[in-house]
Amino acid sequence: MRLNIIGMLFGIAFGGVLAASNLHEYDTIHAMLRLDEFDVFWFMASAIAVSAPLLYLLERRGMNTPFGGELSLSRSMPEKHHIQGGALFGIGWAIAGTCPAPALVMVSSGAMLGLVAIPGIFLGLHLRERQQQSDQHLQRKKRRLNNKLKQQKLLIKMFLIIQKS
């Protein structure tokens, strides 16, 4: 319960920062994407400049998360699905002029575009989950077929050995 309250307070504070910096405004995002204004880029860069070294230090010191798990940052090389996901996110961001957190701030500030963007966000999450389930199903099916193929090859080898003797 205490973590939920802390999370809610941080969420409210984050929403306040987004609202104060006009990151929930459609025109602000489009000015940034057109490279007319760089405020949003500076905002993101400052967030990265503060959080990256802090997270690195916390991980090196073996700190635990508020949920009791070990703080472990994932490190991976960019893969095809990262590029595809980033492109899809960018397209949605350009069309709607928002992403998940600012969409909530939009609604709370009275901007009705947020009421369109939020269901779109949940639709995207649902479609991604369905795609993942489909991919997992195909991988299981492929493993079963590979196992059957190995069994058949083994049976053929055994048959040939028996036939030669």
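Start by selecting Leu-35, which you'll find in the loop between helix 2 and helix 3. Bear in mind as you click around that this is a predicted model. Leu-35 is worth a stop for its backbone: phi is near 65°, a positive value in a residue other than glycine. For context, most residues other than glycine have a negative phi. Leu-35 is also exposed, because its relative accessible area is 52% and the exposed class begins over 50%.

**Next door: Asp-36 and Arg-34**

Keep the view where it is and show the side chains of Arg-34 and Asp-36. These two form a salt bridge, with the closest N and O atoms 2.9 Å apart. How many salt bridges does a search of the whole structure find? Two, and we'll get to the other one shortly.

**Back along the chain: Asn-22 and His-24**

Now select Asn-22, in the loop between helix 1 and helix 2, the latter covering 26–33. Here is another backbone to check: Asn-22 has a positive phi of about 60° although it is not a glycine. With a relative accessible area of 38%, Asn-22 is partly exposed.

Stay in that loop between helix 1 and helix 2 and pick His-24. Is His-24 buried or exposed? His-24 counts as buried, at 7% relative accessibility. Turn on the side chain of Glu-25 as well: a polar contact of 3.4 Å joins it to the side chain of His-24.

**Helix 1**

Select residues 2–20 to get helix 1, and look for Ile-5 in it. Then add Met-1, Met-8, Leu-9 and Ile-12 to the selection: together with Ile-5 they make a nonpolar surface patch of about 570 Å². Ile-5 itself is partly exposed, its relative accessible area being 40%.

While you're here, click on Arg-2, another residue of helix 1. Arg-2 is exposed, with a relative accessible area of 67%. If you'd like a distance to draw, run one from Arg-2 to Phe-14: their C-alpha atoms are 18 Å apart in space, for a separation of 12 residues in sequence.

**Helix 3, part one: Ser-46 and Ala-47**

Move on to residues 39–60, which is helix 3. Ser-46 lies in helix 3. What does the side chain of Ser-46 reach? Show the backbone of Phe-43 and you'll see: the Ser-46 side chain reaches the backbone oxygen of Phe-43, at 2.8 Å. Ser-46 counts as partly exposed at 39% relative accessibility.

Ala-47 is also found in helix 3, and with a relative accessible area of 42% Ala-47 is partly exposed. Draw a C-alpha to C-alpha line from Ala-47 to Ser-74 and the viewer should give 18 Å, for two residues that are 27 apart in sequence.

**Helix 3, part two: Glu-59**

Now slide along to Glu-59, which lies in helix 3 too. This residue deserves a close zoom, with side chains on. Glu-59 meets the side chain of Arg-75 in a salt bridge, 2.7 Å from N to O. Which parts does the pair tie together? Glu-59 lies in helix 3 and Arg-75 in the loop between helix 3 and helix 4 (80–96), so the pair ties together parts that are 16 residues apart in sequence.

Colour the two partners by accessibility and you'll see a contrast. Glu-59 is buried, because its relative accessible area is 18% and buried means under 20%. Arg-75, on the other hand, counts as exposed at 57% relative accessibility.

Before leaving, show the backbone of Leu-73. The side chain of Glu-59 reaches the backbone nitrogen of Leu-73 at 2.9 Å. That gives Glu-59 a salt bridge with Arg-75 as well as a contact with the backbone of Leu-73.

**Last stop: helix 6**

Finish by selecting residues 113–164, which is helix 6, and find Lys-148 there. Which residues form the positive surface patch? Add Arg-140, Lys-141, Arg-143 and Arg-144 to Lys-148 and you have the set. Switch to a surface view coloured by charge to take in this patch, and set it beside the nonpolar one made by Met-1, Ile-5, Met-8, Leu-9 and Ile-12.

Note on methods
Residues are numbered from 1 along each chain as its sequence is written. This is a predicted model: local features need pLDDT of at least 70, side-chain atom pairs count only at pLDDT 80 or more; totals for chains, interfaces and linings use all residues. Side-chain values use heavy atoms; hydrogens and water are left out. Patches are made of residues with over 30% relative accessible area and no salt bridge: like charges are joined within 9 Å, nonpolar side chains (Val, Leu, Ile, Met, Phe, Trp, Tyr) within 5 Å. Accessible areas come from the Shrake-Rupley method with a 1.4 Å probe; for residues, only the protein chains shown count as cover. A salt bridge is a side-chain nitrogen of Lys or Arg within 4 Å of a carboxyl oxygen of Asp or Glu. Lys and Arg count as positive and Asp and Glu as negative; His and the chain ends are not counted. The place of a charge is taken as NZ of Lys, CZ of Arg, CG of Asp or CD of Glu. Helices (H or I, at least four residues) and strands (E, at least two) are DSSP runs, numbered from the N terminus. Buried means under 20% relative accessible area, exposed over 50%, partly exposed in between (1.4 Å probe, protein chains only). A polar contact is a pair of N or O atoms within 3.5 Å; within protein, one must be able to donate a hydrogen and the other to accept it, and residues adjacent in sequence count only if both atoms are side-chain atoms.
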